[in-house]
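Please find below a short note on the structure, set out as numbered points. It is best read with the sequence and the 3D view at hand.

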Amino acid sequence: MAQFGGNKRIRGKAGFSLIELMVTLTIAAILLGIAVPGFQSLILNQRLSMAVNAFVGALHLTRSEAIRRGARVDLAPVDGIDWAQGWLVFVDEDGDQQADAGEPVIARHGPLAGGLTIKSALTDSSKPYLAYNGSGRTRTNASSQTPQLGTVSFFLGDGVRRIKLNFSGRARVCNPAQDKTCTGAEDAN
């Protein structure tokens, strides 16, 4: 017959001792302290890359739409001043770098994450804009024959990425920390 209660012998301990638990928590805290700064840097780099890639995508869309339509298509900041507040790809029928009523808006990108700034250094620096004509080349407002070339620089923390536009209107992304030819706007002020 089975006996309940009674004297049972405990065969081993279950669980951890206080010292084992303290050593484990100390090791975990040290590893976390080492990993967090690297993880934050990874997140900032990813945010910077995502913003640059979104902008390059808008450049490609602007260029391809200009070629498809055989007409000028612009990429400009939503507010007309600050790229970090977002941008528009639109058919700029009156050449004022603003999407006015009745002008077709092809794409819109919202504001970028906090802390990210963008500075452009382009041929025509009167306003921040990029315009492509029907042949797929950049142009300025001064002349349909003058290319809008230069650099659009993205800054986030210590990270910098640049988009360089050449005479033909093609974009190249570069990192000045790795490429000595990657020059452009030097500060985010």
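1. The protein chain contains one helix and nine strands. Read from the N terminus, the order of elements is α-β-β-β-β-β-β-β-β-β. The model is a predicted one, and the values in this note should be read accordingly.

2. Some totals describe the chain as a whole. Of its 189 residues, 34% are buried. The accessible surface of the chain comes to about 11700 Å², with 58% of this supplied by carbon and sulfur atoms. When contacts between residues at least 6 apart in sequence are considered, 52% of them join residues at least 24 apart.

3. The helix deserves a separate remark. Helix 1 covers residues 18-69, and isoleucine 30 is located in it. Isoleucine 30 also belongs to a nonpolar patch on the surface, together with Ile19, Val23, Ile27, Leu31 and Ile34. The accessible area of these residues together is about 630 Å².

4. Next comes the pairing of strand 7 with strand 8. Strand 7 (residues 150-156) runs antiparallel to strand 8, and the two are paired over seven bridges. Within this pairing, phenylalanine 154 lies opposite arginine 161 of strand 8. Two residues separate the strands in their hairpin, and in the turn glycine 157 has a positive phi of about 60 degrees.

5. Strand 8 also has a partner in strand 9. Strand 8 comprises residues 159-165 and strand 9 residues 171-174; their pairing is antiparallel, over four bridges. Two bridge partners can be named here: lysine 164 is matched with arginine 172 in strand 9, and leucine 165 with alanine 171 in strand 9. This hairpin has five residues between the strands, and glycine 169 adopts a positive phi near 90 degrees.

6. Why is strand 8 described as largely enclosed by the rest of the structure? The reason is that seven of its seven residues are buried, so the rest of the structure largely encloses strand 8. For this step, a residue counts as buried when its relative accessible area is under 20%.

7. The burial of strand 8 may also be followed face by face. One side carries Gly159, Arg161, Ile163 and Leu165, and the other carries Val160, Arg162 and Lys164; all of these are buried, and both faces of the strand are thus covered. Arg161 is the residue that stands opposite phenylalanine 154, while Lys164 has its bridge partner, arginine 172, in strand 9.

How values were computed. Residues are numbered from 1 along each chain as its sequence is written. This is a predicted model: local features need pLDDT of at least 70, side-chain atom pairs count only at pLDDT 80 or more; totals for chains, interfaces and linings use all residues. Side-chain values use heavy atoms; hydrogens and water are left out. Patches are made of residues with over 30% relative accessible area and no salt bridge: like charges are joined within 9 Å, nonpolar side chains (Val, Leu, Ile, Met, Phe, Trp, Tyr) within 5 Å. Accessible areas come from the Shrake-Rupley method with a 1.4 Å probe; for residues, only the protein chains shown count as cover. A salt bridge is a side-chain nitrogen of Lys or Arg within 4 Å of a carboxyl oxygen of Asp or Glu. Two strands pair if DSSP finds at least two bridges between them. Buried means under 20% relative accessible area, exposed over 50%, partly exposed in between (1.4 Å probe, protein chains only). Contact means heavy atoms within 4.5 Å.
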